[in-house]
2 protein chains.
Amino acid sequence: MPYFDAASAAPLHPVARQALQASLDEGWADPARLYREGRRARLLLDAAREAAADAVGCRPDELVFTPSGTQAIHAGVSGALAGRRRVGRRLVVSAVEHSAVLHAAEAWEAAGGSVTEVAVDRHGAVAPDAYAAELGKATALACLQSANHEVGTEQPVREVAEACRSLGVPLLVDAAQSLAWGPVEGDWSLLTASAHKWGGPSGVGLLAVRKGVRFAPQGPADERESGRSAGFQNIPAIVAAAASLRAVRAQAAAESARLRALVDRIRARVPELVPDVEVVGDPVRRLPHVVTFSCLYVDGETLLHELDRAGFSVSSGSSCTSSTLIPSHVLRAMGVLSEGNVRVSLAPFDTSEEDVDRFLGVLPGLVAGVRERFGAPASVSASRPESSASPEPSEASESLVLDTLGRRCPIPVIELAKVIGEVPVGRTVTVLSDDEAARLDIPAWCGMRGQEYVGERGAEAGVAYVVRRLR
Amino acid sequence: MPYFDAASAAPLHPVARQALQASLDEGWADPARLYREGRRARLLLDAAREAAADAVGCRPDELVFTPSGTQAIHAGVSGALAGRRRVGRRLVVSAVEHSAVLHAAEAWEAAGGSVTEVAVDRHGAVAPDAYAAELGKATALACLQSANHEVGTEQPVREVAEACRSLGVPLLVDAAQSLAWGPVEGDWSLLTASAHKWGGPSGVGLLAVRKGVRFAPQGPADERESGRSAGFQNIPAIVAAAASLRAVRAQAAAESARLRALVDRIRARVPELVPDVEVVGDPVRRLPHVVTFSCLYVDGETLLHELDRAGFSVSSGSSCTSSTLIPSHVLRAMGVLSEGNVRVSLAPFDTSEEDVDRFLGVLPGLVAGVRERFGAPASVSASRPESSASPEPSEASESLVLDTLGRRCPIPVIELAKVIGEVPVGRTVTVLSDDEAARLDIPAWCGMRGQEYVGERGAEAGVAYVVRRLR
């Protein structure tokens, strides 16, 4: 049963399991105590810190363990901002950071700080120059992920770090998705990561703060982990995290090449096998194991259920899979199709070529089934031009109005596709929708179908999206 | 090798180990995901929440898991205070709460709130009336531990909870030390605990917030655990925590009686075997497994090392065992001797009668050895009256001055004991000391030796402690 959601959480690596079990007997005591059980726990903790620091590329005294990657980010962002509060109150982040970074930014804004989001291109990457342009004098901290968790695109961390360094702004790199594959290059100031992303156990995050970076931990004081992460350390899990990081790194080059080839296969074959698909994210500068695509006229949640029934565990950035009914902020920032979104993140040391072939075998039928169930336009094809035998334009139909209020993704886009044939070439159709996904998916549909997206305007209820038929 | 520091961290209970190992395969995925691995993880998490809530005595939807007891306290205190910020900004705590509560109180004070500490008696307990008297109209939250972590004294939680309820003030109970033995009685509003105190794994705390209690989680938003604890849940550890809590509860009555008898033996025998010892904490209303005593003229750190060499792992509230060189705030609040302090907390399901007998066998010799090394007055005895052949009082020696500046505990008290014989009965000796422990230990010495502690006054360097010889 192939598990294709390693970017959420990877199954426990055998080395992690072994190290966890071995350290349950030695690592349960308080490492701050002076008696033998405490000394043993301290030895394990120190050794794990050295191993993790070595993998991160920092000094052991620059690295602390936190209870999760999320908490590493929260502590890193708040501590760095507080440490530089005299410099300024501006936080710069990319628009496609993990929600833990964006939530930390919201908290900062709520406390009176300001936040600048740097836009990304259609592949999901920031431009170093654009990022650097936002680093004004009053910038206390900049954040940039090493690679995107939803679409796999690598960010130009080295270049952004250089720009930050030259302006004296510390850069925090969220390396959650990439640390398994290698250290983060470039002159970063703070780095965060999460062990369960690399096959380590749950319950362990990393926060590295380079010497010389001003840092003022927030929240109640606590003497553990240099005052940067409150609470009793989970040493068996920390030992397992460090041991498994070392293990995955030892095999990273070979495993990365193997998974990269499998992802290349998915990237190439999915658009051939499934009509009206957009594969998103950078095809080259990307994580080895992540590929994301969106299927026009498809309900993401239904497709996920069908894939689950067929034995494939994937995730989605579609609005229908989110409790807020808003498409993923990453897809929105990239301006790409969000409906029928599927993220496949292959599990290192687990996913086989056969798993991928099986996936490619079942996907077309499942997508077709979902489309049929939702009444999507039949026999859609990415390259087939619209019929030229369209009605003549008439004064009365200057803009056809399509009311999809109350209908959720993918219905508004399906209805649009159904009526476009009735719109005279050169004339417009106005789609009324109160579904947040429409804002992303109607323009994306226009791009994929060769029609013109004119724009949106307010309406009595919902939003009016105007589309001009070009062909 | 007897481990006598279960109040810090208990060794992993066999049920915890078994549950942890069994759930590593099922509990690693994201419980928020809809695919099978996620559903399995969610089932485990839900079952653990039900079991833990049952043991706590609350509804499952009132309980969240946190990464530690410390974080449960920090989140509980900050969330409850913020939820009632319109009522007032006063936080009431007992003077002997765990440092996690006191640090949360300091953070609250730093943010502009006010904190009232309720004093304790010589056994370390608050008086319900005194506690209730501090609950004014502007009180947002009150905190009281179920039992003290250093001396084992149980607090009158039921009575204080009643007072809080009648005044509409929510009470947060830190139940870290007592939850293994039974649910907290009384009508509390919030409750916190820590799994590694009951033989569960590290990395799991509990925070229960009763329905109807106003609560506004602080820090960056996070969708997990009802928004009350940020970060990916450590489900295998949570499963192990819940399973082991259920297991220890099933044996709590028998094990509690067994350990209570062993502690009674220590409480009775130590003062018989070791001269000049003060056993502290309530002899009856106490945890079954904790006993604490202090030894006059003894350096706590040296005694801990000697006990460790003899195979006994204990902890201490003496100043010399703290990085700040300040005696434990609990001993200070109780006003009892802090030098040579030893906390013995027996390990449930582990400590045997023979362990205790061996401890009682080696302790007298080790204490005597430390006293000898530090030049303590020879052949001290708690009941031996001072020699009556003391020098006659003279005008010139109105107050002998003993300069112990720069000397650390237990030296100032040892020096005092050495010179007291030279002080005429009825006259005073002034001890100059810059050691924080002297503030506690000089009055305590006076109490134990039948001399009068007159008081302290400022001095050019350090503090001048005035003692009158009575006999």
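**Briefing: a buried histidine, a two-fold pair and an open sheet**

His149(B) counts as buried, because its relative accessibility is 11%, below the 20% cut-off. The model is predicted. Chains A and B superpose by a rotation of 180°. In chain A, three strands form an open sheet.

**His149(B) and its surroundings**
- His149(B) sits in a loop of chain B, between β4 (139-145) and α6 (157-167).
- Leaving aside residues up to four places away in sequence, His149(B) touches Ala7(B), Val96(B), Glu97(B) and His98(B).
- Its contacts also include Gln177(B), His329(B), Val330(B) and Arg343(B).

**Relation of the two chains**
- Chain B falls on chain A after a 180° rotation, with 0.0 Å of shift along the axis and an RMSD of 0.1 Å.
- This is the relation of a two-fold axis.
- Both copies use the same surface: 100% of the contact residues of chain B recur in chain A.
- Pro67(B) is the residue of chain B that comes closest to the rotation axis, its C-alpha lying at 3.0 Å.

**The open sheet of chain A**
- The strand order is β8-β9-β10 in chain A, and the pairing is antiparallel.
- β8 (277-280) and β10 (341-345) of chain A are the edge strands.
- Each has a single partner strand, so one side of each lacks a neighbour in the sheet.
- On average, neighbouring strands of this sheet are turned by 20° against each other, direction ignored.
- Strand β9 (residues 290-295) of chain A is joined to β10(A) by five bridges, and the two run antiparallel.
- Phe293(A) stands opposite Val342(A), a residue in β10(A).

Conventions: Residues numbered from 1 in each chain as written. Chains lettered and ligands numbered in written order. Predicted model: local features only at pLDDT ≥ 70, side-chain atom pairs only at ≥ 80, totals over all residues. Heavy atoms only, no water. Helix = DSSP H or I, 4+ residues; strand = E, 2+ residues; numbered from the N terminus. Buried < 20%, exposed > 50% of the residue type's maximum accessible area, 1.4 Å probe, protein only. Contact = heavy atoms within 4.5 Å. Least-squares fit on C-alpha atoms with pLDDT ≥ 70 in both. Pairing = 2+ DSSP bridges. Axes fitted to C-alpha atoms, helices over the stretch in contact; angles between N-to-C directions.
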